[in-house]
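Please work through the exercises below with the structure open beside the text. Each task is followed by a solution in steps.

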Amino acid sequence: MEEYKSLKIIQKSPNSLVYYLYLNRATHLNALSRDFFTEFPKAISSLDQNPNVAVIILAGSGKHFCSGIDLQTLGDIFKESDYVDCGRKVERLRRHIKFLQEAITALECCRKPVIAAVHGACIGGAIDIITACDIRYCSSDAFFSVKEVDLAITADLGTLQRLPSIVGFGNAMELALTGRRFTGSEAKDLGLVSKLFTSKEALEEGVKVVAEEIATKSPLAVIGTKAVLLRSRDLTVEQGLDYVATWNSGTLLSDDLKEAISAHSQKRKPKFAKL
């Protein structure tokens with residue numbers, strides 16, 4: 001398996017279809033470096049294409065999930081001196097922003113579900129990351145902040161686009177404009193996370209149980225559910241129904257359906273082929 005500077009991939013149980021992807025710069029509070037933005041989409045793609053992976057758990061090494069974008073990465077923006085023409089500087093900056101955005105959007109492009117397990121700090125760019133994940137959980141020590149406004153930045157990696165549909169427009173506006181810190185308990189009340197665990201250890205165990213349960217289900221049904229939900233987010237109900245009808249017309253008549261019906265009638269656990 002490929003080695004990364006900013007990430008670490010672990011399969012904790014030999015026969016498990018659940019893989020862990022760790023933000024792995026603990027000494028820098030897992031701040032998002034230039035290496036991260038290059039490596040993250042590659043790591044996500046490698047897990048997506050691996051037939052032995054059914055579910056991905058995204059977590060942070062050390063005491064915190066992620067402290068946001070590395071300030072050195074931000075500082076690199078001002079080091080571009082080769083392009084004197086203002087128009088070309090602007091165009092180059094836009095391409096750089098799009099490059100950063102694509103790294104985060106890789107989470108949504110991944111067919112397999114990605115579960116964020118948040119402990120400690122989840123600041124700025126980390127909110128961009130977890131809002132692009134499919135399910136979010138946190139421990140009681142977790143704290144959050146849409147921090148960009150305090151750095152004189154309009155958040156541009158996905159928070160302003162994804163957070164409103166998760167916590168509601170008004171709540172997203174308030175959090176983004178104030179940049180205030182809020183607790184895991186409030187994150188649960190807002191709907192940002194699905195469940196709050198009492199400790200990091202309880203979080204790890206609880207998320208593992210959920211991930212292993214999802215991994216037992218039909219992989220075609222799982223990737224279809226994610227794809228249809230994401231697509232339907234931007235469609236009317238009628239358009240969404242039409243999309244899922246087309247999706248299922250292509251995948252419903254599979255061996256997975258036969259196996260699920262057979263297992264149910266025989267009162268046994270189904271066994272599905274890898275994707």
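The exercises treat a predicted model and cover a sheet, the cavities and a helix.

**Exercise 1.** Determine which strands stand at the edges of the open sheet of 3 strands, and why one side of each is left without a neighbour.

*Solution.*
Step 1. Establish the strand order, which is β5-β7-β8, with mixed pairing.
Step 2. Read the edges from this order: β5 (121-123) and β8 (182-183) each have a single partner strand, so one side of each lacks a neighbour in the sheet.
Step 3. Examine the pairing of β7 (residues 143-145) with β8, which is antiparallel and runs over 2 bridges. At residue level, F143 has T183 of β8 as its bridge partner.

**Exercise 2.** Find how many cavities of 30 Å³ or more the model holds, and state which element gives the most to the lining of the largest cavity.

*Solution.*
Step 1. Count the cavities that reach 30 Å³: there are 2.
Step 2. Take the volume of the largest cavity, about 110 Å³.
Step 3. List its lining: K12, Y20, Y22, I57, A59, G60, A117, H119, K200, L203, E204 and V207.
Step 4. Assign the lining to elements. Two or more residues come from each of β2 (18-23), β3 (55-60) and α8 (200-215). Of the elements, α8 gives the most, with 4 residues.
Step 5. Sort the lining of the largest cavity by class, which yields 7 nonpolar, 2 polar and 3 charged residues.

**Exercise 3.** Describe which residues line the second largest cavity and how they divide by class.

*Solution.*
Step 1. Note the space in the second largest cavity, about 30 Å³.
Step 2. Identify the residues that line this cavity: S6, L7, L23, N24, R25, N30, A31, L32 and F36.
Step 3. Divide them by class: 5 are nonpolar, 3 polar and 1 charged.

**Exercise 4.** Compare the reach of helix α3 with its expected value, locate the centre of its kink, and name its buried residues.

*Solution.*
Step 1. Helix α3 (residues 86-109) contains 24 residues, for which 34 Å is expected at 1.5 Å a residue.
Step 2. From the first C-alpha to the last, α3 reaches 33 Å, close to that expected value.
Step 3. The helix nevertheless has a kink of about 35 degrees, and A103 is its centre.
Step 4. Applying the cut-off of under 20% relative accessible area for burial, the buried residues of α3 are H96, L100, A103, I104, A106, L107 and E108.
Step 5. Combine the two results for A103: the kink in α3 is centred on this residue, and A103 is also among the buried residues of the helix.

How values were computed:
Residues are numbered from 1 along each chain as its sequence is written. This is a predicted model: local features need pLDDT of at least 70, side-chain atom pairs count only at pLDDT 80 or more; totals for chains, interfaces and linings use all residues. Side-chain values use heavy atoms; hydrogens and water are left out. Two strands pair if DSSP finds at least two bridges between them. On a 1 Å grid over the protein atoms alone, a cavity is a set of points where a 1.4 Å probe fits but cannot get out, and a pocket is an open set with protein on both sides within 12 Å along at least five of seven lines; lining residues have an atom within 4 Å of a point. Grid points are joined across faces, edges and corners, and a volume is the space filled by probe spheres set on the points. Ala, Val, Leu, Ile, Met, Phe, Trp, Tyr, Cys and Pro count as nonpolar, Asp, Glu, Lys and Arg as charged, and the others, Gly among them, as polar. The expected span of a helix is 1.5 Å times one less than its number of residues. The bend at a residue is the angle between axes fitted to the seven residues ending there and the seven starting there. Buried means under 20% relative accessible area, exposed over 50%, partly exposed in between (1.4 Å probe, protein chains only).
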